[in-house]
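Thanks for coming. I will go through one model today, taking side-chain contacts and a metal site in turn. Please have the structure open while I talk.

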Amino acid sequence: MSDLRELYQEVILDHGRRPRNHRVPEGCNCTAEGHNPLCGDRIGVRLRCEHDRIEDAGFEGSGCAICMAAASTLTEAVKGRTKEEFFALLESFLDMIVHGIPEASQKLPAKLGVFKGVAEFPMRVKCATLAWHTAAAALQGKPTASTEETDHGGSGTGG
Ligand code: ZN
């Protein structure tokens, strides 16, 4: 299905070129910074949370097209969801891309499923997951997220 693959790339390119929600939501009260040293992507996720629900979502910063597209689609996908729903999406997203489980895309909105193909490009995986790790950090009250931690599970002290 090479046509489908082209469509997926089109969606990613569109969001990469014209990111949605590239802004700070009014009343933003939940933020974290994310850095992907491998690629140089740097973004900040900005959320407004009320009663365990993500009422509004935006992001700042810049990165490659995959990173921007991932952040853009994330902000659209998580708005209005509870934290619990967010972490369920995060798990499926990581299953799909990091662990290469294509079926995980069925648990995701279509606009997130388009990142399935990224699993074939290990160098790009961290670009696609940066926004997700950063949003998770924000919801967990952590100030920063680094894609490096996904490999080791430990906490780095570098800076
Ligand atoms: Zn990148």
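One term before the contacts: a residue is called buried when its relative accessible area is under 20%, exposed when that area is over 50%, and partly exposed in between. Asp 56 has a relative accessible area of 12%, so Asp 56 is buried. Keep in mind throughout that this is a predicted model.

I will stay with Asp 56 and go to its partner. Asp 56 makes a salt bridge with Arg 23, and the closest N and O atoms are 3.0 Å apart. The two come from distant parts of the chain, 33 residues apart: Asp 56 sits in strand 3, residues 53–62, while Arg 23 is in the loop between helix 1 (2–17) and strand 1 (30–36). Unlike the buried Asp 56, Arg 23 is partly exposed, because its relative accessibility is 30%. The contact also extends to a third residue: Arg 23, Asp 56 and Lys 79 are linked in a network of salt bridges.

How many salt bridges does the count come to? The number is eight, and I will show two others.

One of them joins Lys 111 and Glu 76, with 3.3 Å between the closest N and O atoms. Lys 111 is in helix 4, residues 110–113, and Glu 76 is in helix 2, residues 65–78, so this pair ties together parts that are 35 residues apart in sequence. Lys 111 has a relative accessibility of 32% and therefore counts as partly exposed. Glu 76 is at 29%, so Glu 76 also counts as partly exposed.

Then there is Arg 20 with Asp 14, whose side chains meet in a salt bridge at 2.8 Å, N to O. Arg 20 is partly exposed, at 26% relative accessibility. For Asp 14 the relative accessible area is 29%, which makes this residue partly exposed as well.

Now the aromatic residues. Searching the whole structure gives four aromatic pairs. In one of these, Phe 93 and Phe 115 are edge-to-face, 5.8 Å centre to centre with 65 degrees between the planes. That pair links distant parts of the chain, 22 residues apart, with Phe 93 in helix 3 (residues 83–97) and Phe 115 in the loop between helix 4 and helix 5. Phe 93 and Phe 115 are both buried.

Is the pair of Phe 93 and Trp 132 stacked or edge-to-face? The ring centres are 4.8 Å apart and the planes are at 25 degrees, so this pair is stacked. Phe 93 lies in helix 3 and Trp 132 in helix 5, so parts 39 residues apart in sequence are tied together here. Trp 132 is buried, and so is Phe 93. Taken as a set, Phe 86, Phe 87, Phe 93, Phe 115 and Trp 132 are linked into a cluster by ring pairs.

Last, the metal. Which residues supply the protein donors of the zinc ion? They are Cys 39 (SG), Asp 41 (OD), Asp 41 (OD) again, Cys 64 (SG) and Cys 127 (SG), at 2.2 to 2.7 Å from the ion. Along the chain, the donors of the zinc ion have the spacing C-x1-D-x22-C-x62-C. Within that set, Asp 41 in strand 2 (residues 41–50) and Cys 127 in helix 5 (residues 122–139) link distant parts of the chain, 86 residues apart. Asp 41 and Cys 127 are both buried.

Definitions and conventions:
Residues numbered from 1 in each chain as written. Predicted model: local features only at pLDDT ≥ 70, side-chain atom pairs only at ≥ 80, totals over all residues. Heavy atoms only, no water. Donors = N, O, S within 2.8 Å, 3.2 Å for Na, K, Ca; no water. Helix = DSSP H or I, 4+ residues; strand = E, 2+ residues; numbered from the N terminus. Buried < 20%, exposed > 50% of the residue type's maximum accessible area, 1.4 Å probe, protein only. Salt bridge = Lys/Arg side-chain N within 4 Å of Asp/Glu carboxyl O. Phe/Tyr/Trp six-rings, centres within 6.5 Å; stacked < 30°, edge-to-face > 60°.
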